[in-house]
Amino acid sequence: MNELFESLMTSKKHFAAALASALLCIAGTNAQATEIYPVDAARFMTNAKFDFKVEFDTVVDRKDVTIQINGDDFAKTFTGNELWTPKEADANGSALMIRDVEIKKPGKYEVTVKSPEGEKTVRWDLYTTPEKPVAKNVIILLADGLSVGHRTAARIMSKGVTNGMYNAPLAMDDMPHMALLGTSSVDTIAADSANTASAYMTGHKSSVNALGVYADRTKASQDDPRQETIAELLRRKTGKAIGIVSDAEVEDATPASVVAHTRKRDDKADIVGMFYNVKPDVLLGGGSAYFLPKSTPGSKRKDDKNYIDLFQKAGYKLVTDREALAQSGDATKLLGLFHTGNMDGWIDRHQWQGNTVKKFPKQPDLTESFDAAIKVLEKNPEGFFLMLEAGLVDKMSHPLDWTRSVAETIAFDKVVEAAQKYCDEHPDTLLIVTGDHTHSISVAGTVDDNKEGRDMREKVGVYAAAGYPNYKDENGDGFPDDFAPSKRLAVFFGAHPDYYETYRPHPDKTFTPAVKNEKGEYVANEAYKNEPGAHFVEGNLPRNESQGVHTVDDLVVTARGPNAEAIRGFMNSTEIFRVMAEALALGR
C-alpha cells in the first residue's frame with residue numbers, strides 16, 4: 001500500500017514539474033513575441049543613423065514597458081523623440097519608435113525590453129573606424145548574380161585554355177585580396193538583390209525585397225525602421241562626390257540600395273524621388289519610364305512629376321545615348337538614361353541585334369559609362385564613391401540564357417580592367433569587385449554540333465570527350481567573334497523550372513524557359529519543343545516559379561587598394577560596408 005502511495009505521489013510530482021515547465025515554455029514564447037530592431041546579433045557602425053523600434057504582440061500601456069541598454073534606461077544611450085503607438089496599424093499590438101538614433105561609442109550593447117508580454121533581449125556589436133581616412137576614393141563593382149561558374153565560363157571564352165593552362169586571368173582574378181561572402185538575409189537563408197546590396201550599403205542585414213530598412217509588420221512599405229545608407233553618410237559627413245551606374249533600370253534593387261528606404265523594391269517611382277533627395281553627382285542606366293510624368297507615353301509613374309526636368313533644373317546634364325555620353329566631359333552633374341527599362345546586353349548590341357536594340361540602337365557599353373562617370377567624379381577634390389552594377393548578368397541568368405549572361409560577365413570584366421588601370425594611376429583608391437548573390441550555373445563540358453548522335457544531348461562531351469571549344473577572338477577585343485561556334489561550352493543551371501533544353505543560343509531574343517498554363521502553373525515553353533534535338537527537362541522548383549532562382553552559394557569578392565587587406569577568409573556581406581567605411585573613416 002505504501003509503495004502504491006509513493007508511486008502515485010511521484011507521478012503527481014512529475015506531472016506538476018511537467019506542467020510548470022510547459023507554462024514556462026509558454027511564457028518564454030510570449031516573451032520572444034516582442035520584436036526589436038535592429039535585430040539580435042546586428043553588427044554595425046558607430047555614428048551611423050538608424051531607427052530603433054519595438055513591436056509588441058498585444059496592446060500594452062507605455063507605463064508598463066521598460067527598455068534598458070546595458071542595464072540603464074535606454075534614454076541614456078539614445079537621443080531623439082520617442083513615438084508611442086498604442087495600437088499600430090495592421091497589427092493588434094503597440095509599438096515604440098525612435099527615428100535617427102546614433103550611438104557614439106563602440107562596444108557590446110545588450111538591449112532588454114520588459115513588458116506584460118514578458119522580457120526579450122537582443123545584443124548588438126558596434127564598431128568604429130580610424131580617425132583619418134586611408135582612401136580618397138572607393139569604387140565597388142557588382143556583377144548581379146555573379147557565380148564562380150560565370151567567372152569560369154567567361155575566362156574560357158575570353159582568354160582561352162592551352163594544354164590545361166588558362167592563357168590569361170580575368171581582370172577580376174588578378175587582384176591581391178580575396179574572400180568568400182555569405183549573403184543570407186534576416187528572414188531567410190536565401191537572398192535577392194535588395195537585401196544583399198543593402199547589406200553592402202548600410203552595414204545592416206535586411207529582408208528579401210527590402211532596401212535600407214528592417215522589414216516590420218506594417219503593410220506600408222516606407223514606414224519601416226531605416227538604416228542610413230553610405231550615400232547619406234557621405235552627404236552628411238563628407239564633401240565627396242557620389243556616382244551610381246547600372247545597365248539595369250537605375251531604380252532596380254542594386255543601384256537603388258545606395259539611397260533607398262523601402263521594404264518593397266518595386267516602389268520604383270518613389271525610388272526616383274529618393275535619388276533626387278540625395279542627388280548623386282552621376283546617375284547612369286536604364287529606367288527612364290519612372291522619371292517621366294504619367295501623361296508621357298510609356299511612363300510608369302502614377303503622378304505628374306517630371307524628374308528629368310527636376311534633375312536638369314538642379315544642374316544635371318542629361319544624356320540619352322552613347323554619343324552624348326562621350327561628349328559629357330564638361331558636366332559636373334550627369335544624368336544618363338539610355339532605355340525606358342533594362343538596357344540590352346553586349347551580344348545583342350554588338351553582334352545579334354536582338355531584343356530591343358533596334359528600338360534603342362545607341363546604348364553605351366558599361367566601360368563607356370564607367371569612363372564618363374569617372375571623368376565627372378574625379379573633378380571633386382575631396383574624392384568620390386562609385387557603385388557600378390552589371391545588372392544583366394542576373395537578368396540573363398534568371399531565364400537560363402547563359403550565353404548572354406556570360407557575355408555580360410566578360411563585359412563586366414572589361415570594367416574591372418578599366419578600374420584596375422585607374423587604381424594603378426590613383427593608388428589612394430579602394431577597389432572592391434564582387435556580386436550581390438549567386439546563380440546555380442556550372443560548366444559541364446562542351447557541345448559539339450559535328451559529333452554524331454540522335455539528339456543534342458548526345459553531342460555533349462564530358463571528361464576526356466569534352467576537349468576544347470572553338471571560340472575565336474580574331475580582333476583581340478576579349479569577346480568571341482561568334483558566341484555560337486560549332487563546338488561551344490555546355491553550361492547548365494541547377495535551380496530551374498520545367499523547360500526544353502536546346503543546347504543553343506537564341507539570337508533573336510532572350511530565352512523564355514517556362515510559360516503559365518490554364519492552372520496558373522509554369523510549364524515548359526513549347527516554342528522550343530521542335531528545335532532540332534531539343535528535349536524536355538523536368539524542373540526542380542515549385543511550379544509557381546517561371547525562371548531560375550538565386551542560390552545561397554557563397555560569393556567571391558576580390559579587392560585592392562587602401563584597407564583591401566581586410567578582405568580575407570569568409571565574411572558576412574555586411575563586412576563590405578565596414579571595409580569601405582574604415583577606408584573613408586565614416587564612423588567618426
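Here are legends for a handful of close-up views of this predicted model.

The model is predicted: local features need pLDDT of at least 70, side-chain atom pairs count only at pLDDT 80 or more, and totals for chains, interfaces and linings use all residues. Residues are numbered from 1 along each chain as its sequence is written, and side-chain values use heavy atoms, with hydrogens and water left out.

**View 1. The whole chain, to get your bearings.** The chain has 13 helices and 30 strands; helices (H or I, at least four residues) and strands (E, at least two) are DSSP runs, numbered from the N terminus. Its radius of gyration is 27 Å, close to the 25 Å from the globule rule for 588 residues, so the chain is as compact as a globular protein of that length. That radius is taken over C-alpha atoms, and the rule is 2.2 Å times the number of residues to the power 0.38. The C-alpha trace spans about 90 × 70 × 50 Å along its principal axes. Of the 588 residues, 55% are buried, where buried means under 20% relative accessible area, exposed over 50% and partly exposed in between (1.4 Å probe, protein chains only).

**View 2. Phe-56 and Trp-84, one of 22 aromatic pairs.** Ring centres sit 5.9 Å apart and the planes meet at 55°, so this pair is tilted. Rings of Phe, Tyr and Trp (its six-membered ring) pair if their centres lie within 6.5 Å, with planes under 30 degrees apart called stacked, over 60 edge-to-face and the rest tilted. Phe-56 comes from the loop between β3 (50–55) and β4 (66–69) and Trp-84 from strand β6 (residues 82–85), so the pair ties together parts 28 residues apart in sequence. Both Phe-56 and Trp-84 are buried.

**View 3. Phe-74 against Phe-78, edge-to-face.** Here the centres are 6.1 Å apart, with 80° between the planes. Phe-74 and Phe-78 are both buried. They also belong to one aromatic cluster with Phe-44, Phe-50, Phe-52 and Trp-124.

**View 4. Helix α13 and a charge over a ring.** All 11 of the 11 residues of α13 (residues 574–584) are buried, leaving the helix mostly covered. One of these buried residues is Arg-578, and its charged end sits over the ring of Tyr-127, 4.2 Å from the centre. The cut-off: NZ of Lys or CZ of Arg within 6 Å of the ring centre and within 35 degrees of the ring normal. Just past α13, Ala-585 takes a positive phi of about 55°.

**View 5. Strand β15 between two parallel partners.** Five of the five residues of β15 (residues 282–286) are buried, so the strand is largely enclosed by the rest of the structure. β15 pairs in the parallel sense over four bridges with β14 (residues 241–249), and likewise over four bridges with β17 (residues 334–337); strands pair if DSSP finds at least two bridges between them. Ile-244 stands opposite Leu-283, and Val-282 opposite Leu-334.

**View 6. An open three-stranded sheet, β22-β21-β23.** The pairing is antiparallel. β22 (460–461) and β23 (487–493) are the edge strands, each with a single partner strand, so one side of each has no neighbour in the sheet. Two bridges join β21 (residues 441–448) to β22, with Thr-446 partnering Gly-461.
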